[in-house]
Structure formats: structure tokens, C-alpha cells
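Reader: I would like a close look at a single part of this model, with the cut-offs stated as you go. Which strand would you pick, and what surrounds it?

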Amino acid sequence: MSNCRYLINSCIHQTYDILDFRTTQSSKTRSYYVRCQNSFDQTLDGENGGNRKLKILIAGGGIGRLVLALAAKHEGFEVQVFEKDLSAVRGEGQHRGPIQLVSSALEVLEAIDENVAKQIKEAGCVTGNRTTGYADGLSGEWIIKFDLSSPAVSRGLPLTLVICRMALQDILLNAVGLDIVRNKSKVVDFLEDPSKVTVILEDGQQYDGEVLVGADGIWSKVRAKLFGEREAKYSTYTSYSGVTNFVPPYIDSVAYRIFLGLNQCFVATDVGNGKIQWFANHKEQPMSNDPPEGKKKRLLEKFGNWCPEVVTLIQKTPESMILRRDIYDRDMIYTWGAGRVTLLGDAAHPMQPNLGQGGCMAIEDCYQLIHELVQASESDSNVQISEEIVLALRRYANKRLWRVGLVFAASRFASKMLASYKPYIEFKIGPLAHLLTQQITHPAIPVFRAFLQICLPKFMAWITAGHGLCLKR
């Protein structure tokens, strides 16, 4: 693990606090035993006795937690999801637009539930069969293109697609069942003892289980209880998003393009049904106000001198379809839980939306977590169930750290890249000021492009192919 931590820290040029798992453990001797009769039918020698299945409590009701609930349900576990407001998740889906599911995430979904994966593929828009990559925002010229198709085809994986977050949530919610997802149930606290963990809801109700998974996002209450309250940091970027019915002439050959500028970027992706979804991120103070004329006017002021593809998409989008949110961030942590409690997705490793991998990493987390809990439940020896659960949760985090850490570091790097992206030299004063009307390529740009052309395609192929995942059908 020390090598993994060193590499990740080197990538993002930042040192994180390494939390010692052992300091969080109770010194009380545990004497709670389980006899496993089969994979999921356990006899727990507790105060009440009797046969019951391992019960998993999940805080949160978004994409990652619903995938986890679906996987747990198929493996025979009892599961209960607590969501403060499902309608708010749908609203967040409007703000955040569609979600990209790369081939590795789709492979996980197929391994969990082939029928659900089929519904998702039918509702989504395949982008992995067309050109994607980075382009210069001013000129529109390609910087680097990704091949998302070859890594998937070579391993027999489904092609990368995008799907509306609300549509994805509805598919998952129907598969999980409303009897498992409790709406209007916000988890605000939890208690753990040697035999169980108890969640406490905002209205005072309490529910017991053997495992608690904090999948409640960047503002996670479970994370705060585990490791203390720490404010999320403003990323220095605000994000506008919009959907337009305009279909550009290049739609059959280009699926996804990220336009770069100094402290700005513009992302445009085909989302199917004759619609284009775009995001415009730029650096400014949080909670800034838009002019009375509206968001579109503000965007045209910020991006009006960019290439025609960017300007046209903004112009073709109705004011009512443009939304805005400030982007917040947290540092990644290397310990995701303590005892019977662990974290998943953004609660453990929130990622800025630069690579579109936050949801995919959460889906992968789900598979690894359930895999470890299944192994713990299959033990045929007289071992303490508390220790089996703790070890399973630790294995889950340890096995995910390497892959998640690299993606997290790459996402941070992509954000820092915008702060220094300067394609042309500017001569504002002095004897060369007359060159203002000419565009002279910055000498660092060829080096920057060469670096991206060498490293980025390999990295995206690694993500797409799901290297590091061990799926068993």
C-alpha cells in the first residue's frame, strides 16, 4: 500500500493525512459468532437467535447506492436504502446532465444484472464508436483523439455510452424495488456495537443492520461521523450546462469533444434523440450572480470568441434550458471506513467532472464491495462475524485504492491543466506589441500535446477496459 500511496500523491502533488484504521477500533473483546449454513443463510448467535441474512444499510439513493442495493439483492442479502429526497436526486440529474458509462462500468452492470444492463444500453446513446477527445477552444483544432472502441472490442465489452441520469435512476429504482428504498429518510447519525450498526434518521427512527455503507455523496454525513466534519472546498470553477435540439453536421463522426481554454473548458456530447448536452466551466468566485439579461448572455461574453462549434451550441440553447452550479471538491482519503461502516463513490473519493469517471468508479466500487461481503458470508469456520465483516470492508477499500487513486489524480491533473493552458503568446506591451493581431504558438504547447498524445490514449484505454477489475460471471 505504501507504493500506491506514494504514486498517487506524486500525481496530484499533494500530501493527504493517512488515517490509521486501528485507532478507530474498539478495545472491547467481541464474542459474536456466526455459523454459515450456506452462502446467505446464516445463524447468528445473538440475543434474539434465529436465522436471518446479513443485512446491509445504505445511506443515499443515487446511482452508486442503487447499483449496490441491486447487487446485494441478487446475492441474497437483506438491504435497505435510506434517501432523503428522491425528487431532489432527479433535480440534481437535470443540473449534472447525462452520465457517461464506460465499457468497464457497463461490464460491471452486466455481471450484476444482465436485464438491467440491457435496459440501460437500450435507453442510452452509444458514443464509444465515434471520435472523442480534446480540442483547442479558440481554433477548434483537435489536440488528441481517444479510441474507446478498440479496448472494448478486444475484450468483448459493450461500447461506452451516455444516458440521462434520471432515466438511469428510474431503471435501477424499478429493479431494486420501492420496498427497499425508503424515501424521505435522511441518515444523520449511526451507532455501532460489537453485534450490529444502527442508523439514526432525521425524524428519530432507528434501523439495525450488520453493515452500513455511506454512499451519500460529497456532503456525506457518514463520512463526517467517521472522520470528522471538514468543509468541502470550492474548486474555483462554476459550471453551466445546457441541452439543445440543434444537431451539428459532424454528429455521425464525433460523439464527445472537450474544448480547452485558459481557466475555461467547454464539453459537448451527443445524448441521442437529436439532442446535444454541453457544459461550460470557467474560473470565478463561488455564488457569483449572472447579469439580468440571463445566463446565455454571460456565456457568450465568456466564450463568444471561441470556435463556431462552441458559440453555435450556446446560441441554439434556450435560456430556460441553461442551468448553473458551483463545483466543489474534497481530497481523497486512504481509509474508507471503520468497523462495520464504510464509504462508497463520492463519499470516499469525490471527483471533479473533468474525465466523467465519478459515476463509473462508484459502480465499480459496488461490485468489489459486494464481492468481499459474499466471501465473508461464505466462511464455513466458527469465526466472529464482526471480524469477518471488518476484514471484508478493509479488503474492499484496499483493492479499490490503486485504480480509484489513479483516476482521482488524473481528474485533478486535468483541472490544473486548465489553469495553465495558454496556446498562444501574448505581447501586450513593448516592441512586439504589434504582433497582437497575429497568433504565435506558445513553445510549451507542442510539448503539452506530445505528452497528451503519448499518455492519454493509454490511460483512457486502461479505464475503458477495466484493468484491475476481477469480474466473475
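Author: A residue is called buried under 20% relative accessible area, exposed over 50% and partly exposed in between, with a 1.4 Å probe and protein chains only as cover. The model is predicted, so local features need pLDDT of at least 70 and side-chain atom pairs pLDDT 80 or more, whereas totals for chains, interfaces and linings use all residues. Residues are numbered from 1 along each chain as its sequence is written, and side-chain values use heavy atoms, with hydrogens and water left out.

The part chosen here is strand 4, residues 55–59. Helices (H or I, at least four residues) and strands (E, at least two) are DSSP runs numbered from the N terminus. The protein has 13 helices and 25 strands. Of its 473 residues, 54% are buried. Strand 4 is mostly covered, with five of its five residues buried. The cover extends to both faces: on one side lie Lys 55, Leu 57 and Ala 59, on the other Ile 56 and Ile 58, and all of these are buried.

Next come the neighbours of strand 4. Two strands count as paired if DSSP finds at least two bridges between them. Strand 4 is joined by five bridges to strand 5 (residues 78–82), and the two run parallel. Within that pairing, Ala 59 has Phe 82 as its bridge partner. Strand 4 also pairs with strand 15 (residues 211–214), again in the parallel sense, over four bridges. Here Ile 58 stands opposite Val 213.

The sheet that holds strand 4 is open and has six strands in the order 11-5-4-15-22-21, with mixed pairing. Its edges are strand 11 (181–182) and strand 21, each of which pairs on one side only. At the strand 21 end, two bridges join strand 21 to strand 22 (residues 341–343), and these two run antiparallel. Ala 338 faces Val 341 of strand 22 in that pairing.

Another open sheet consists of three strands in the order 12-13-14, and its pairing is antiparallel. Strand 12 (187–193) and strand 14 (206–209) have a single partner strand each, so one side of each is left without a neighbour in the sheet. Strand 13 (residues 196–201) is joined to strand 14 by four bridges and runs antiparallel to it. In this pairing, Val 199 stands opposite Tyr 207 of strand 14.

Charged side chains add links of another kind. A salt bridge is a side-chain nitrogen of Lys or Arg within 4 Å of a carboxyl oxygen of Asp or Glu. The structure holds 17 of them. One joins Asp 193 and Lys 196, at 2.9 Å from N to O. Asp 193 is partly exposed at a relative accessible area of 27%, and Lys 196 is partly exposed at 26%.

A second salt bridge brings together Asp 331 and Lys 233, with 3.1 Å from N to O. This pair links distant parts of the chain: Asp 331 belongs to the loop between strand 20 (322–329) and strand 21 (337–338), Lys 233 belongs to strand 16 (residues 233–244), and the two are 98 residues apart. Asp 331 counts as partly exposed at 22% relative accessibility, and Lys 233 is partly exposed at 41%. Both residues take part in a network of salt bridges that links Lys 233, Asp 329, Asp 331 and Arg 412.

A third salt bridge, 2.9 Å from N to O, is formed by Glu 372 and Lys 399. Its ends also lie in distant parts of the chain, with Glu 372 in helix 11 (residues 358–377), Lys 399 in helix 12 (residues 385–420), and their positions 27 residues apart. Glu 372 is buried at 0% relative accessibility, whereas Lys 399 is partly exposed at 46%.

How far apart in sequence are the residues that meet in the protein? A contact means heavy atoms within 4.5 Å. Among contacts between residues at least 6 apart in sequence, 74% join residues at least 24 apart.

To return to the strand chosen at the start: strand 4 is mostly covered, and in the order of the sheet strand 4 comes between strand 5 and strand 15.
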